[in-house]
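This report goes through one protein model, from its strands to its loops. Please look at the sequence and the structure together while reading.

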Amino acid sequence: MRVHLAAVRVDGERFALERNLSLLSPGEAERLSRRRAEDQKRSVAGRWLLGQLLAEHCTELSLPPRLDYGWQDKPLLADAPKLGFNLSHSGPWAVCALCAAPVGVDIQEERPLRRNLMRRFAPAEQVLLEDLPEGERQTAFYDLWCLKEAYCKCTGDGLRTPLNATVFTLNPVTLDKPGYRAALIPFQAEGCHLGVCIQTAEPLEAELRVFP
């Protein structure tokens, strides 16, 4: 099953809230206005990316898309509730995933690794990390972290699901939950990790478009 992914940098004035009010409902715009400017830009960029993907792959839907909220307040497309989408941001990047099944996406910008966070992973994953050379451990940690967040977002449970409740492997990427597939997506920004998870038994195919 194919997943369409799109990413864009959010720094600069391109995604300033006052320039993009047409992407949002009045209620969404009012709620965003109370947040920091950086958070406003990330949210607006995510909605812009969703519109770009829908315009390219779901031309029958009207734009800008209307959103409803389902299980655990997970956003849904009001006019196509079975069409899955998900948003994520980290550092200067925002990313959106679109799929014909429930989908979760997560982007993570590396920061100095705190070893206590490794203890939140499953025992087998902790062993995997400890067995790696020091220079490779941080990269593998963030690979696992973004895969786990993508899975939790795909299910709609978010981080209410403990990070040790799902076991991933790397090279190849697998997880111990039947009916789900996950993948790491090569990303152009050094130190950024991108993971996606969909609810399907089919092989996962992903295509990423990075907007200038």
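## Strands and sheet

Strand β4 is joined by seven bridges to strand β5 (residues 93-99), and the two run antiparallel. The model is a predicted one: local features need pLDDT of at least 70, side-chain atom pairs count only at pLDDT 80 or more, and totals for chains, interfaces and linings use all residues. Residues are numbered from 1 along each chain as its sequence is written, and side-chain values use heavy atoms, with hydrogens and water left out.

Strands here are DSSP runs of E with at least two residues, helices are runs of H or I with at least four residues, and both are numbered from the N terminus. Two strands pair if DSSP finds at least two bridges between them.

Between β4 and β5, S88 has V95 as its bridge partner in β5. Two residues separate the strands of this hairpin, and G91 takes a positive phi near 55 degrees in the hairpin. Is β4 mostly covered or mostly open, and how many of its residues are buried? Strand β4 spans residues 84-90 and is mostly covered, with five of its seven residues buried. Buried means under 20% relative accessible area, exposed means over 50%, and partly exposed lies in between (1.4 Å probe, protein chains only).

Strand β5 also pairs with β1 (residues 2-9): seven bridges join these two strands, which run antiparallel. In this pair, A6 stands opposite C96 in β5. Together, four strands form an open sheet in the order β4-β5-β1-β11, with mixed pairing. Its edge strands are β4 and β11 (205-210), each of which pairs on one side only. From one strand to the next the twist averages 20 degrees, where axes are lines fitted to C-alpha atoms, for helices over the stretch in contact, and angles run from 0 to 180 degrees between N-to-C directions. In a regular strand, side chains alternate between the two faces of the sheet.

## Pocket and cavity

Rolling a probe the size of a water molecule over the atoms shows where empty space is left. On a 1 Å grid over the protein atoms alone, a cavity is a set of points where a 1.4 Å probe fits but cannot get out, and a pocket is an open set with protein on both sides within 12 Å along at least five of seven lines; lining residues have an atom within 4 Å of a point. Grid points are joined across faces, edges and corners, and a volume is the space filled by probe spheres set on the points.

The largest pocket has a volume of about 850 Å³. Its lining takes two or more residues from each of α1 (26-32), α2 (37-57), β2 (67-69), β4, β5, β6 (103-109) and α5 (134-155). Strand β4 gives the most to this lining, with five residues. The lining of the largest pocket has 31 residues, of which R35, S43, Y69, P75 and L87 lie nearest its centre.

The count of cavities of 30 Å³ or more comes to one. The largest cavity has a volume of about 40 Å³ and is lined by L61, S62, P65, R66, L77, A78, D79 and A80.

The linings are set out below by residue class: Ala, Val, Leu, Ile, Met, Phe, Trp, Tyr, Cys and Pro count as nonpolar, Asp, Glu, Lys and Arg as charged, and the others, Gly among them, as polar.

| Lining | Nonpolar | Polar | Charged |
|---|---|---|---|
| Largest pocket | ten residues | nine residues | twelve residues |
| Largest cavity | five residues | one residue | two residues |

## Cysteines

How many disulfides does the structure hold? The structure holds zero disulfides, a disulfide being a pair of cysteine sulfur atoms within 2.5 Å. C192 is in no disulfide, and the nearest cysteine sulfur, that of C146, is 10 Å away. C192 counts as buried because its relative accessibility is 11%. C197 is likewise in no disulfide, with the nearest cysteine sulfur, that of C154, 4.5 Å away. With a relative accessible area of 0%, C197 is buried.

## Cis peptide bonds

A cis peptide bond joins L63 and P64, with omega about -5 degrees. P64 lies in the loop between α2 and β2.

Another cis peptide bond joins N171 and P172, where omega is about 5 degrees. N171 is placed in the loop between β7 and β8, and its phi is near 55 degrees, a positive value in a residue other than glycine. N171 has 76% relative accessibility and therefore counts as exposed. P172 lies in the loop between β7 (168-169) and β8 (174-175) and counts as exposed at 58% relative accessibility. The C-alpha atoms of P172 and L184 are separated by 9.5 Å, and the two residues are twelve residues apart along the chain.
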